[in-house]
Amino acid sequence: MNTLPLIRSHIKKSDRIHKAQLIATSRGSKFQDQSDLNANLAARKEKAKRLHNAQLMAF
């Protein structure tokens, strides 16, 4: 399996996220603090994990 396209997509995604963070902080976004971004990311990951577990239990 060729993983090069997957690696490229991860790099592009991280680049887009970085650019979005720069724009958000330059415009005075409420997420200027990196800890806020990390807390939101952790909450989204936890929600996705609970949803995934619920789907597994449904089968």
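How much accessible surface does the protein chain have, and what share of it belongs to carbon and sulfur atoms? In this predicted model, the accessible surface of the protein chain comes to about 5,600 Å². Carbon and sulfur atoms account for 60% of that area. The chain has 59 residues, of which 0% count as buried. Its secondary structure consists of two helices and zero strands.

A nonpolar patch lies on the surface and covers about 270 Å². The residues that make this patch are Leu4, Ile7 and Ile11. Leu4 belongs to helix H1, which spans residues 4-26. The relative accessible area of Leu4 is 39%. Leu4 is therefore classed as partly exposed, since this class lies between the limits of 20% for buried and 50% for exposed residues.

A patch of positive charge is also present on the surface, where Arg8, Lys12, Lys13 and Arg16 gather. One of these residues, Lys12, is located in helix H1. Lys12 has a relative accessible area of 55%. Because exposed residues are those over 50%, Lys12 is counted as exposed.

Helix H1 thus holds Leu4, a member of the nonpolar patch, and also Lys12, a member of the positive patch. Of these two residues, Leu4 is partly exposed, whereas Lys12 is exposed.

Definitions and conventions. Residues are numbered from 1 along each chain as its sequence is written. This is a predicted model: local features need pLDDT of at least 70, side-chain atom pairs count only at pLDDT 80 or more; totals for chains, interfaces and linings use all residues. Side-chain values use heavy atoms; hydrogens and water are left out. Helices (H or I, at least four residues) and strands (E, at least two) are DSSP runs, numbered from the N terminus. Buried means under 20% relative accessible area, exposed over 50%, partly exposed in between (1.4 Å probe, protein chains only). Accessible areas come from the Shrake-Rupley method with a 1.4 Å probe; for residues, only the protein chains shown count as cover. Patches are made of residues with over 30% relative accessible area and no salt bridge: like charges are joined within 9 Å, nonpolar side chains (Val, Leu, Ile, Met, Phe, Trp, Tyr) within 5 Å. A salt bridge is a side-chain nitrogen of Lys or Arg within 4 Å of a carboxyl oxygen of Asp or Glu. Lys and Arg count as positive and Asp and Glu as negative; His and the chain ends are not counted. The place of a charge is taken as NZ of Lys, CZ of Arg, CG of Asp or CD of Glu.
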